[in-house]
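Here are a few notes to read alongside the model. Have it open while you go through them.

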Amino acid sequence: MCAILALGLVVSSGRAGAQAPGETLGSPHRGGTLRLTADSSGGTLDPQINYTSTYLQLFSVLYDGLLTFPKVEGMAGTRVVADLADHVPEPEDGGRTWRFTLRQGVRFSDGRPVTTDDVVASFRRLFKVGAPTAGAFYGAIVGADACLAHPASCTLEGGIEADPDSRQVIFHLSRPDGEFLQKIAFPHAVILPADTPAHDVGNQPVPTTGPYRIVSYDPNRALTLDRNPAFRMWSAEAQPDGYVDHILYSFGLDDEAETTAVENGHYDWMYEDKPQDRLGELGARYASQLHIQPLFAFWYLPMNTRRAPFDNVLARRAVNYAIDRRALTMLYGGPALATPLCSMVPPVFPGGDIACPYTRDPTPDGRWHGPDLERARALVRQSGTAGQHVTLIVANRSIDIGMGTYVRNTLESIGYHVDMKPLNIAIQFPYIQNTNNHVQIALTDWFADYASPSNFLDDLLGCENFHPGSDSSINMAGYCNQTAQDLMIRALATTDTVAQADLWRQAARIVMDDAPTAPIMSMRYLDFVSARVGNYVYTMLYHLCFSRVWVQ
Amino acid sequence: MRSSSSLPPGPWAVAIRALARDRASLVSVGVLALMVLASLMAPLYARYVSRTDPFLSNVAGQVQIDGRAVDIMQPNDNPLHLGLSPIGPTGRGAYLLGADSQGRDVAARLLYGGRNSLLIASAAALLCVVMAGVVGIVAGFFGGVVDAVLSRIMDIMWAVPVYLFAISLSIVMVSQGLTIGPFTITSDNLLIPIVIIAIVYVPYAARPIRGRVMALRNSEFVLAARGLGVPSARILLRDILPNVTGTIVVLAPLLTALALLTESALSFLSIGVQAPAASWGTIIQDGEGLIYTRPLVAVAPGLAIVIVVLALNVLGDGLRDALDVRETSRRGH
């Protein structure tokens with residue numbers, strides 16, 4: 001697999017875009033249809049709005065930004081490489097100016113060339129359409145504040161300038177942002193044609209720059225991709241050519257049916273987590289088709305800090321003491337797939353290594369040793385919230401319901417009256433973000449947008465990410481601690497990695513003390529593919545790379 | 001005057017004697033009594049035998065088997081060490097039938113589930129025959145516009161498939177609860193499935209009662225009573241009701257069986273008994289995900305439903321035979 005990738009890199013560096021007929025990256029495994037299946041569609045096709053992992057994975061082979069994360073395995077896939085820009089720029093003006101040069105010769109799938117006007121328009125559009133990450137990721141661009149306040153008239157005046165002759169696009173930031181390049185590489189910053197409507201395109205596809213284009217979309221049935229006729233490979237690591245000719249993404253089967261369909265070879269890959277009751281069968285009979293992969297992700301319980309009973313910090317701490325993280329890892333699939341987590345940050349990042357404040361029998365090693373139900377009950381009594389009614393919102397997948405049932409039992413055992421409300425996965429995630437739905441506590445997972453503690457601490461608990469009344473209020477807890485926020489801002493601004501790590505740790509400790517969420521576990525990714533799938537390439541951020549697998 | 005001892009036995013005494021001679025009915029009564037008794041013993045089993053709380057997850061728990069502490073969730077035997085399965089039947093007191101995916105004792109849940117299933121089924125059947133009795137007697141006795149209106153309402157209800165009707169009512173009531181004037185029934189209250197099931201079967205019970213009343217309405221003793229100026233209410237209570245009681249009694253076990261099946265179906269669909277409470281339907285749903293590894297979780301409550309429904313149907317047949325006048329006449333002569 002790695003040899004093939006290396007071969008691809010050699011080929012691309014030697015004769016970018018030139019390939020022998022019927023071959024992809026020097027391999028004859030070109031052609032066929034890759035058949036994917038998911039419980040439901042990911043919603044809108046707008047790549048600047050959609051924030052579901054279902055479509056972020058798909059968009060990575062459809063669209064390109066100035067920069068991207070390379071489609072290679074391991075930690076190498078978390079660095080930033082040039083994509084539509086011809087190189088990764090160096091910071092200027094103390095990190096306040098970034099100068100990109102647009103690559104020559106790239107075209108959209110409708111045949112039009114990608115220009116600097118498209119780049120400028122795409123960044124303005126990002127604010128106009130209310131991209132979920134507009135404020136959090138791109139709020140440092142000069143003029144972003146005005147764009148956030150008045151999206152329709154967004155110009156990013158003074159924040160972005162372009163020179164069509166030199167093909168340069170220059171960003172000016174109001175403050176240094178140590179993660180600006182990662183944010184430019186994130187899919188919401190993809191480059192779209194300048195005339196793309198300044199509203200959610202919904203089910204209408206936008207021309208692409210990657211190896212595939214969208215040819216049909218029925219969110220209730222299927223999404224079909226075929227080759228982008230205008231695509232000429234410019235970088236094998238940024239955007240390699242695809243092996244398969246077509247990608248068919250079907251919707252409607254539940255996780256159990258998807259598992260059976262992949263076992264029988266009716267589909268090549270399934271999106272959903274594999275049902276717990278099928279893991280034994282999969283491990284015993286289909287081990288060669290399974291891939292256990294590292295993941296920047298965790299499961300957690302966001303608690304609404306602005307609504308009873310979890311507006312009381314003692315109640316939130318009680319939940320953290322009560323949750324049996326080991327039991328929940330068992331419901332997720334056991335120690336092969338999950339590890340108990342007692343921090344808002346997975347252990348691979350700074351902040352994930354702080355001592356667990358909510359454990360039975362604390363020891364100097366700071367590890368979580370088990371739940372402390374007595375202490376949790378005492379905290380609930382002390383908080384005066386005992387006996388209150390709590391509704392737990394979960395997705396209607398079998399794993400979510402299994403874990404949700406456990407959490408409901410736990411909350412009841414510490415003194416609450418609990419209802420569990422399962423919602424369709426496509427609805428649940430926006431539902432739990434919107435304050436109008438008065439959600440008290442939810443069970444959900446979160447995948448990092450890129451490899452940084454900020455994706456967990458700042459994204460999920462940053463003051464700027466709480467938007468009352470919006471479906472895109474990713475700070476579901478409604479939490480805002482200015483001390484923690486200042487530490488996070490300092491961590492984001494600094495380039496000193498040691499100091500940065502220390503700042504993240506300080507922020508993580510404050511957050512855990514305030515307990516706006518109850519972290520549960522960090523997970524590994526279990527992929528299950530059909531027997532005919534070859535060249536399985538897993539990237540840390542967007543998982544299986546659809547353009548790199550072959551089916552014949 | 002003849003002495004009372006020389007009076008012929010009344011119809012109820014005849015029916016009871018006939019039923020007592022019917023071995024199948026007696027076995028059915030015995031089976032039902034056993035199921036009810038076992039369900040009533042649920043707390044004793046959970047407390048003194050199983051020593052678990054069947055409503056609390058126990059995924060990380062252990063059970064003592066032959067003096068050894070055994071994890072309730074067992075690692076699957078596969079090279080990737082993927083997944084865990086709940087412990088299977090131990091054949092001993094605790095976890096006699098194994099555990100479900102939440103690590104709960106299936107046997108204890110089966111007994112507790114039986115309490116809810118049997119309670120809902122019998123209460124729904126009782127409520128149904130009361131409502132159907134009122135509708136059938138009023139429609140059959142008064143006839144005319146009253147009969148036309150009530151019969152058309154029953155026809156409309158009959159036209160909707162019973163499960164579709166029940167599911168529609170359940171979705172509304174389970175998501176919002178039920179508010180009648182100052183009274184509110186929360187969504188997890190067992191009254192909700194009881195009321196829903198009772199309502200959907202009213203047309204099925206009301207129709208034969210109405211037919212029987214229409215026949216009685218023109219019988220000589222009713223016409224005589226009317227001719228003597230006896231008020232309608234008195235005729236209904238003294239002449240009609242006693243003569244349709246047999247029909248109602250025969251319907252009761254059959255409706256209970258239907259109610260049990262409907263409750264199980266609704267609970268299986270998560271719109272009947274609400275967690276953490278259990279019924280046989282919810283336990284089958286719990287077992288659905290374990291059907292490959294621990295089939296007993298779904299099979300055990302399924303078997304319980306089959307046994308009770310079979311017993312109720314046999315009992316219903318026995319009652320019908322025992323209470324049918326023509327049948328008893330044939331037997332008597």
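The points below cover a helix pair and two cavities.

1. Keep in mind that this is a predicted model, where local features need pLDDT of at least 70, side-chain atom pairs count only at pLDDT 80 or more, and totals for chains, interfaces and linings use all residues. Residues are numbered from 1 along each chain as its sequence is written.

2. In chain B, look at helix 10 (residues 280-288) and helix 11 (residues 296-323): their axes come within 7 Å and cross at roughly 150 degrees. The pair therefore counts as roughly antiparallel (angles over 145 degrees). The axes are lines fitted to C-alpha atoms over the stretch in contact, with angles running from 0 to 180 degrees between N-to-C directions.

3. Who touches whom? From helix 10 of chain B, B:W280, B:I283, B:I284, B:D286 and B:G287 meet residues of helix 11 of chain B, including B:P301, B:I305 and B:V308 (contact means heavy atoms within 4.5 Å). By class, this contact has 9 nonpolar, 2 polar and 1 charged residues.

4. Searching the whole structure turns up 5 cavities of 30 Å³ or more (a cavity is a set of points on a 1 Å grid where a 1.4 Å probe fits but cannot get out, and lining residues have an atom within 4 Å of a point). The largest holds about 180 Å³ of space. It has 26 lining residues, and A:S60, A:T68, A:F69, A:K71 and A:Y542 are the closest to its centre.

5. The second largest cavity has a volume of about 100 Å³. Among its 13 lining residues, A:N304, A:I432, A:Q433, A:V439 and A:M476 are the closest to the centre. Its lining divides into 8 nonpolar, 5 polar and no charged residues.

Methods. Chains lettered and ligands numbered in written order. Heavy atoms only, no water. Helix = DSSP H or I, 4+ residues; strand = E, 2+ residues; numbered from the N terminus. Parallel < 35°, antiparallel > 145°, perpendicular 65-115°, else oblique. Nonpolar A, V, L, I, M, F, W, Y, C, P; charged D, E, K, R; others polar. 1 Å grid on protein atoms, 1.4 Å probe; cavity = no way out; pocket = protein on both sides within 12 Å on 5 of 7 lines; lining within 4 Å. Points joined across faces, edges and corners; volume = space filled by probe spheres on them.
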